[in-house]
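The following note sets out comments on the model submitted for review. The points are numbered for ease of reply.

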Amino acid sequence: MTSAQAGGAGSASVSSTTITIADFAYGTPVTVVPGGTVTVINNDDVPHTVTSDGPGVFDVNIGPGDTVTFAAPTESGSYDFHCSYHPNMHGSLVVQGQ
């Protein structure tokens with residue numbers, strides 16, 4: 001399995017975080033400030049998405065071996081997400097601080 005990395009996860013002042021996808025898993029929840037930068041690295045050999053469970057919050061497609069970034073939601077809270085291609089993949093983005 002993999003882990004999502006957030007240098008200083010749990011800190012209310014993390015302005016950017018990284019979700020690393022490997023072996024069809026996102027890993028542990030990551031934390032970022034409202035509007036902060038979320039980087040997604042796909043280490044698998046198939047495409048994935050980072051799609052918020054709540055409609056229209058974020059929906060990022062990422063090809064095999066690619067890296068993409070997106071802005072975190074501006075409202076504090078916990079945002080669960082999934083992969084549209086692989087329904088067994090779930091993760092959580094915690095937006096707090098600032």
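1. In this predicted model, strands E4 (residues 48-52) and E7 (residues 77-82) are paired in the antiparallel sense, with 2 bridges between them. Within this pairing, Ser52 is placed opposite Phe81 of E7.

2. Strand E7 also pairs with strand E8 (residues 90-95); the two run antiparallel and are joined by 6 bridges. Two residue pairs may be used to check the register. His82 has His90 of E8 as its bridge partner, and Gly77 is bridged to Val95 of E8.

3. Strand E8 has a further pairing, with strand E2 (residues 30-32), and here the sense is parallel, over 3 bridges. Thr31 stands opposite Val94, while Val32 has Val95 as its bridge partner. Val95 of E8 is thus named as a bridge partner both for Val32 and for Gly77. As a general matter, the strands of a sheet pair through backbone hydrogen bonds, in either a parallel or an antiparallel arrangement.

4. How are these strands ordered in the sheet? The order is E2-E8-E7-E4-E5, an open sheet of 5 strands with mixed pairing. E2 and strand E5 (59-62) form the edges, each pairing on one side only. On average, neighbouring strands of this sheet are turned by 25 degrees against each other, direction ignored.

5. The loop between strand E6 (67-71) and E7 contains Ser76. Which residues does Ser76 contact, once neighbours within four places in sequence are left aside? They are Pro34, Val95, Gln96 and Gly97. For one of these, Gln96, the C-alpha atom is separated from that of Ser76 by 4.9 Å, although the two residues are 20 residues apart along the chain. Val95, another of the contacts of Ser76, is the residue of E8 bridged to Gly77.

6. The largest nonpolar core has 19 residues, and those touching the most other members are Tyr26, Val38, Val40, Val50 and Leu93. At least two residues of this core are supplied by each of strand E1 (16-21), E2, strand E3 (37-42), E5, E7 and E8. In soluble globular proteins, nonpolar side chains tend to be buried together.

7. Val40 merits separate inspection. Neighbours within four places in sequence aside, Val40 is in contact with Ile19, Ile21, Val50, Ile62, Asp66, Thr67, Val68 and Phe70. Val50, included in that list, is likewise among the core residues that touch the most other members.

8. For the protein as a whole, the secondary structure consists of 8 strands and 0 helices, giving the pattern β-β-β-β-β-β-β-β along the sequence. Of its 98 residues, 44% count as buried. Among contacts with a separation of 6 or more, 44% are between residues 24 or more positions apart. The exposed surface comes to about 4800 Å², and carbon and sulfur atoms supply 50% of it.

Key:
Residues numbered from 1 in each chain as written. Predicted model: local features only at pLDDT ≥ 70, side-chain atom pairs only at ≥ 80, totals over all residues. Heavy atoms only, no water. Pairing = 2+ DSSP bridges. Helix = DSSP H or I, 4+ residues; strand = E, 2+ residues; numbered from the N terminus. Contact = heavy atoms within 4.5 Å. Buried < 20%, exposed > 50% of the residue type's maximum accessible area, 1.4 Å probe, protein only. Areas by Shrake-Rupley, 256 points an atom, 1.4 Å probe, with all protein chains shown as cover. Axes fitted to C-alpha atoms, helices over the stretch in contact; angles between N-to-C directions. Core = buried A, V, L, I, M, F, W, Y, C linked by side-chain atoms within 4.5 Å.
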